[in-house]
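Colleague: Before we go through this together, could you explain the reasoning behind each label as we come to it?

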Amino acid sequence: MAATGTTASGESAFYVTTPIYYVNDAPHLGHAYTTVAGDVLTRWHRQRGEKVWYLTGTDEHGQKIMRTAEANGVSPQEWCDKLVEDAWKPLWEHLQIANDDFIRTTEPRHTDRVQEFVQDLYDKGEIYKGGYEGPYCVGCEEYKSPGDLLEGDLCPIHKRPVEWLKEENYFFRLSAYGPRLLEFYEQNPDFVQPASARNEVVQFVKQGLQDLSISRSTFDWGVPIPWDPKHVIYVWIDALLNYATAVGYGSDQAKFDATWPANVHLVGKDILRFHAIIWPAMLMANGLPLPGRVFANGWLMVGGEKMSKSNLTGISPRDLTSHFGVDAYRYYFLRAIPFGQDGSFSWEDFSARYTSELANDFGNLASRVAAMIGKYFDGTLPEAKDAGPAEQAIADGLAAAAAQADTMIGDNLDFAGGIGAIFDFVKQVNGYLSDQAPWKVAKDDSPEGQARLAAILYTAAESLRAIAVLLHPIMPATSAKLWASLGAEPHLGALADQRIADVATWGKLPAGAQVVKGEILFPRLENA
Ligand code: MSP
């Protein structure tokens with residue numbers, strides 16, 4: 001396997017997607033939550049040496065966007081262009097998101113293929129013309145069943161009145177797919193995760209599916225139905241197809257074959273049914289392979305409600321990164337909230353974890369070790385001749401932490417558990433240093449004393465070498481600073497090329513490495 005992160009050609013990429021976000025407003029913490037999770041997952045797989053493809057993008061059609069643009073006195077396209085370029089793309093850069101592509105649903109590479117896909121279903125008899133009326137939530141861009149509404153006419157998610165819509169439109173024969181979907185869930189028990197999400201989907205499909213209205217004729221901001229351009233394609237059908245059009249569906253067969261299907265679709269729990277029911281049914285109808293997994297994450301809550309711009313509770317990620325820094329931001333949400341569950345954002349909890357876990361446990365460890373190697377060995381990493389059982393325990397602890405983190409983060413998307421395992425190791429190294437007290441051993445200038453001191457500081461530095469690698473997917477800039485301070489690059493190469501599979505191989509950082517006390521990794525927080 002090449003050290004650059006590519007694998008033998010022909011092998012399909014580990015393909016991960018985020019939802020494509022509505023550009024009616026600027027991003028808030030809830031949107032960034034999923035995008036950071038996908039970034040950590042894909043960076044982790046890159047460090048496994050796999051070929052990876054990470055896709056994000058924006059959902060630009062539909063009534064919600066159209067109305068927002070109208071209210072702002074610009075065309076929908078102008079509105080989308082502005083939001084994408086001024087708000088969404090710059091935020092992902094700021095948060096160090098390493099996406100491989102960014103798809104916009106107004107791009108011809110998408111709209112042309114969407115028309116072909118829908119035409120194909122029409123030609124196959126999967127789409128027919130009919131009429132529908134019912135309550136519609138523009139916030140969700142979805143017809144609701146009357147039984148789901150609160151107080152008679154409120155959307156349960158947006159808590160705002162629905163609108164009554166009556167339209168003649170085209171329908172996809174979704175109802176016919178219930179049995180095949182149930183069989184598919186049965187044969188692929190991990191398709192929908194976590195288990196609570198899977199249960200919800202299975203129960204819903206068991207109750208029987210209705211055909212799905214897939215066109216709108218009361219407004220025109222969308223992709224026209226090819227055989228009847230008075231209608232535009234329902235924004236959700238248009239949007240779901242981004243996962244295929246972005247990787248060459250219908251245009252670049254080689255790329256499509258090398259990427260499709262997605263291994264993981266990350267979605268918020270509110271859009272689970274679209275991804276776990278409608279999307280696989282659309283693919284079945286078209287004869288395309290189905291994705292590996294749909295993982296539904298929970299919501300970030302404020303005051304017991306889903307954080308959202310429309311409820312004026314949407315906090316901008318930059319409000320937090322300007323105080324805590326980008327890496328601490330990437331760390332905090334994944335560490336504090338079990339992935340798949342709802343979690344509340346609290347400034348106090350973020351500050352507390354920043355100080356105890358990042359600044360004290362991790363940051364201080366890095367600076368103390370570098371300072372002692374500077375003081376006692378002039379910054380040259382000594383050889384560990386006198387390693388004993390205490391050092392062996394550290395090597396064993398590293399092996400356990402690396403294996404756990406790899407399974408938890410890389411396979412199970414249990415980010416909180418995996419980061420926890422890495423930080424347990426950080427704590428173990430801190431405990432080791434307190435027990436060994438190198439600052440006392442240093443006072444013994446006999447050859448034995450100096451050999452012990454060398455073994456202790458080598459062990460701590462070698463542990464930090466591994467910690468830098470394991471934390472790189474989560475906190476790339478901090479890990480890079482640590483890598484530089486350990487003087488690792490001239491001996492081991494670039495941090496991004498370090499592999500998870502051999503991170504626990506003990507003794508990689510060679511004696512002679514030039515250790516410098518770099519900048520403080522997590523400076524003390526200013527009073528907010
Ligand atoms: N455009 C659709 C998705 C189409 S995917 C083919 C959409 N967009 S959205 O901008 O409204 O939401 C995008 C994602 O952000 C969803 O997964 C949603 O769950 C997530 N979040 C929005 N607010 C959230 C929180 N407060 N917390 C966590 N995620 C939430 O739906």
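**Salt bridges, strands and a charged patch**

Modeller: In this predicted model, the side chains of Arg-104 and Glu-60 meet in a salt bridge, 2.6 Å from N to O.

Colleague: What makes the meeting of Arg-104 and Glu-60 a salt bridge?

Modeller: The term asks for a side-chain nitrogen of Lys or Arg within 4 Å of a carboxyl oxygen of Asp or Glu, and Arg-104 and Glu-60 stand at 2.6 Å, N to O, so the pair meets the definition. The pair links distant parts of the chain, with Arg-104 in strand E4 and Glu-60 in the loop between strand E3 and helix H2, 44 residues apart.

Colleague: Why is Glu-60 called buried, and why is Arg-104?

Modeller: Buried means under 20% relative accessible area; Glu-60 has 0% and Arg-104 has 11%, and therefore both fall under that cut-off.

Colleague: How do you know whether Lys-82 and Asp-86, which also form a salt bridge, are buried or exposed?

Modeller: Their side chains meet at 3.2 Å, N to O, and both residues lie in helix H3, 4 residues apart, about one turn of the helix. Exposed means over 50%, so Asp-86 at 53% counts as exposed, whereas Lys-82 at 48% lies between the two cut-offs and therefore counts as partly exposed.

Colleague: Where do Arg-353 and Glu-357 lie?

Modeller: Both are in helix H13, 4 residues apart, and they form a salt bridge with their closest N and O atoms 2.7 Å apart; both are buried. Elsewhere, Arg-48, Glu-50, Asp-406 and Asp-411 are joined into one network by salt bridges that share partners, and the structure holds 29 salt bridges.

Colleague: How do you know that E5 pairs with strand E6?

Modeller: Pairing requires at least two bridges between the strands, and 2 bridges join E5 to E6, so the requirement is met. The strands run antiparallel, with Tyr-136 opposite Tyr-143 in E6, and they form a hairpin with 4 residues between them. On E5 there is also an antiparallel partner in strand E7, joined to it by 10 bridges.

Colleague: What makes E6 and E9 edge strands?

Modeller: The open sheet has 4 strands in the order E6-E5-E7-E9, and E6 and E9 each pair on one side only.

Colleague: Why is Asp-386 called partly exposed?

Modeller: Its relative accessibility is 33%, which lies between the 20% and 50% cut-offs, so the label follows. Asp-386 is found in the loop between helix H13 and helix H14, and gathers with Asp-444, Asp-445 and Glu-448 in a patch of negative charge on the surface.

Note on methods. Residues numbered from 1 in each chain as written. Predicted model: local features only at pLDDT ≥ 70, side-chain atom pairs only at ≥ 80, totals over all residues. Heavy atoms only, no water. Patch = residues over 30% accessible without salt bridge, like charges linked within 9 Å, V, L, I, M, F, W, Y side chains within 5 Å. Areas by Shrake-Rupley, 256 points an atom, 1.4 Å probe, with all protein chains shown as cover. Lys, Arg positive; Asp, Glu negative; His and termini not counted. Charge placed at Lys NZ, Arg CZ, Asp CG, Glu CD. Buried < 20%, exposed > 50% of the residue type's maximum accessible area, 1.4 Å probe, protein only.
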